[in-house]
Amino acid sequence: MDIFNGLNTAQKTAVEHIDGPLLIMAGAGSGKTKVLTCKIANLLAHGVAPYNILAITFTNKAATEMRERAVRMIGAPAQSVWLSTFHSFCARFLRYEIEHTGIYKKNFVIYDSGDSQTVVKICLKEMNLDEKQFTPNSVQSAISNAKNMLMGPRAFERSASTFFEKKVAEVYSLYAQKLRANNALDFDDLLLVAVALLEENEEVRERYQQRFRYVLVDEYQDTNGAQYQLTKLLAAKHHNLCVVGDADQSIYGWRGADIRNIMDFEKDYPESHTIKLEQNYRSTKTILAAANAVIENNENRKPKKLWTENATGEQIISYFATDERDEARYILGEITRQNTIYNVLYGDMAILYRTNAQSRVLEESFMREGVPYTMVGGLKFYDRKEIRDMIAYLRVVFNPVDTVSLMRIINVPKRGLGDTSLGRLNAYAAQNELSLFDVISSPDLIEAVPGLSARARNALEKFSVFIFELITAQETMTVHAFIEHVLQSSGYMAELESEEKPENISRIENLKEFVGVAKDFEKTTEDEPNLENFLSQVALISDIDSADMEEERVTLMTLHSAKGLEFPVVFMAGMEEGLFPHVRTLMEPDQLEEERRTCYVGITRAQRKLYMTHARMRMIFGHTTSYLPSRFLKEIPDACIERISADSNEGFGSRTNFGRQEYTNFRPSKRQMGGDVSQTNTPPKSAAEVLGAMHRTVPQQPAAAVNMAGGPIRPDMDVKWSVGDKAKHGKWGIGTVVSVKGSGEEVELKIAFPGQGVKGLMQKYAPIAKV
DNA sequence: GAACCATAGCTTTTT
DNA sequence: GCTATGGTTC
């Protein structure tokens, strides 16, 4: 396969470039991933060993995709290119080299932000600091910021000026000490320790600089100080550094990303070349014009204008809802409409919002209407109690000095070890400079702890024997078998099974899924499928990595998570002053510009059709608040956007109503919107016209016709349902109708799906067919 | 030591 | 409006 096939001139130049620093300024949708992939393929084609290439992406998912694409292009050698995120790279690097620090041991564990917050809280408590003034969150983020700027506790203390900062410096120091004692690294440490090791150890540095002859970094605009330094160190020998990014899409300033890293690349590497990719292949002219118009309002930016040869496309729709429930209803209506009339697959639509809190109302609507969806973030799988408990068990087995994890499970399930006993144990351990595990693993030491009841002593000895048994068992078992073993032998499963509460049932489900995750890991990992690598992978997995977007589901996620993705139809919800841009950014011009970039990212995710919605009032913290429409809406030229409102009752203004009543009977028209953007050359001028046209020309045809072809199941109003009928649902499989209520448009069905309970469905929305 | 109830605090965005 | 936490009670 020809590597240069289908590339434009600028893209070709970028791919052809081999030696020396290169900056690729790649606008949204300009084929950046394609260029990077082709570049890797081209390096390999030029005889560069896969072993000599390091490519850094923003998510694990992007890394996997890029690897697969490169393998398809050039074959097996691409398999062994070192391709990962900054954090995974560091974790792997440290797994080999960390003992050179003389501080950490090879079996270190990685703490996520939850674990790290637990440690911060312990520190605050120990230092008797007021949690009102020093909130765990603010302290944690201050420490994190310091780390991202490569400042250790001492450096931070030196730079501290306010009382708050000086105290935080103390907390930082204690926090770092605790992590070291637990042989644990937090996310920021992965970078920090890797950089420190490379800086201090010449032998290691030499070895890795020698090895990585070519370094490629994606999303360079979102690198922070530590990542910048790491990149610089690794590329220092060969200077074959290629960075790709778009300053207009820098949206992670709040977590230490420094836009100057990309702005100043040419200063850092004076011999560098710069290539601009400005042709957009993703969006319609309308969408691109809107994006350009919005981003132009930023003062601090280099001028750039994306252009496209794609069709003009339809206008953007701005819908003014009465409240967040009306907003959700409108969006669901449009999604069903897009799906039923235009045959847009659910998987081709996404809803983007600024804050996770907005997802709840939307989610409820999806459930009520039976439309399949997948949510990125929110209630995270790995944040669930039972999963964290299991991970804590695994971590203790892997690294027993991890006291945070040990404390988490020592009395889970209940072993009669309460706060009092544990307090005594911890006090004793601290006094004698032992880890908690040191104490409980020795009967003599347990005996020596003052004030322990006989019952507690007994329980502790049993527990420590149990942990030792697990450590032995682990050595000969696969990860998934070991997890199952822990679940059984700890009594964790038994405790959940003892009571048939619905939450217990879902916990058991989740734990089963966790075993599945381990099985999957054993099958797919490129490293040894051992506990060590499993724990690393689990710690560094992100929401976007684990989201299942292949399936036929609408995706719900924050604007931040959406970076790098694209969808034919996009909804941006909550376009209100105070929500987006968020209140906390209104005072700071820099932060406001970042909000605008976030908006730019959102708009440019859309390929064909973009909806933006805002609500007159919205429930926040249980109180109704009213917001003005977002300034970003006003920045979009009138020609690009059609504004409709829930309040106006004339003509097509009352679209909500229309949407709810009439669309299910239209036959899907693939040509209208289903094809490639570039093929829709004469699109109607406005959505109103589309609808008008639909009224006149689309014949009334039962949607069921689609089912015959084996396509997705669509709502069908012509079917008469009665109790006892068997119904096939797109997601839940086959069920039995248990009740039918209402008539006409309002037919409401209750259907029992085996193993999934009774679901309430509106016939006009439900993707069901008679069996 | 555990179960229950009240209340505060929360919401920016995440590896 | 929800949830995580802390206090109170048995």
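Here a trainee and a mentor talk through some helices and aromatic rings in a predicted model.

Trainee: How do you know that the span of helix H19 agrees with its number of residues?

Mentor: Helix H19 covers residues 419-431, and its 13 residues should span 18 Å at 1.5 Å a residue. The end C-alpha atoms are 18 Å apart, so the two agree.

Trainee: Which residues of H19 are buried, and what puts them on the same side?

Mentor: The buried ones are Ser421, Leu422, Leu425, Tyr428 and Ala429. They cover an arc of only 125° around the axis, which puts them on the same side of H19. In an α-helix there are 3.6 residues a turn, so residues three or four places apart point the same way.

Trainee: And what do the two faces of H19 meet or carry?

Mentor: The buried residues pack against helices H18, H20, H21 and H22. On the face turned away from them sit the exposed residues Asp419, Thr420, Ala430 and Gln431.

Trainee: What is the span of H22, and which helices do its buried residues pack against?

Mentor: H22 has 23 residues and reaches 35 Å from first to last C-alpha, close to the expected 33 Å. Its buried residues, among them Phe463, Ile467 and Leu470, pack against H17, H18, H19, H20, H21 and H23.

Trainee: On to the rings! Why is the pair of phenylalanine 58 and tyrosine 252 called tilted?

Mentor: The centres are 5.2 Å apart, and rings pair within 6.5 Å. The planes make 45°, neither under 30 degrees nor over 60, so the pair counts as tilted.

Trainee: What makes this pair a tie between separate parts?

Mentor: Phenylalanine 58 lies in the loop between strand E2 and helix H3, and tyrosine 252 in the loop between strand E7 and helix H12, so the pair ties together parts 194 residues apart in sequence.

Trainee: Why is phenylalanine 58 called partly exposed, and is tyrosine 252 buried or exposed?

Mentor: Phenylalanine 58 has 27% relative accessibility, which lies between the 20% and 50% limits, so it counts as partly exposed. Tyrosine 252, at 7%, is under 20% and therefore buried.

Trainee: How do you know that the charged end of arginine 255 sits over a ring?

Mentor: That charged end is 4.2 Å from the centre of the tyrosine 252 ring, and the distance limit is 6 Å. The direction limit, within 35 degrees of the ring normal, is part of the criterion too, and arginine 255 is listed as sitting over the ring.

Conventions
Residues are numbered from 1 along each chain as its sequence is written. Chains are lettered from A and ligands numbered from 1 in the order in which they are written. This is a predicted model: local features need pLDDT of at least 70, side-chain atom pairs count only at pLDDT 80 or more; totals for chains, interfaces and linings use all residues. Side-chain values use heavy atoms; hydrogens and water are left out. Helices (H or I, at least four residues) and strands (E, at least two) are DSSP runs, numbered from the N terminus. The expected span of a helix is 1.5 Å times one less than its number of residues. Buried means under 20% relative accessible area, exposed over 50%, partly exposed in between (1.4 Å probe, protein chains only). The arc is that of the directions from the helix axis to the C-beta atoms. Contact means heavy atoms within 4.5 Å. Rings of Phe, Tyr and Trp (its six-membered ring) pair if their centres lie within 6.5 Å; planes under 30 degrees apart count as stacked, over 60 as edge-to-face and the rest as tilted.
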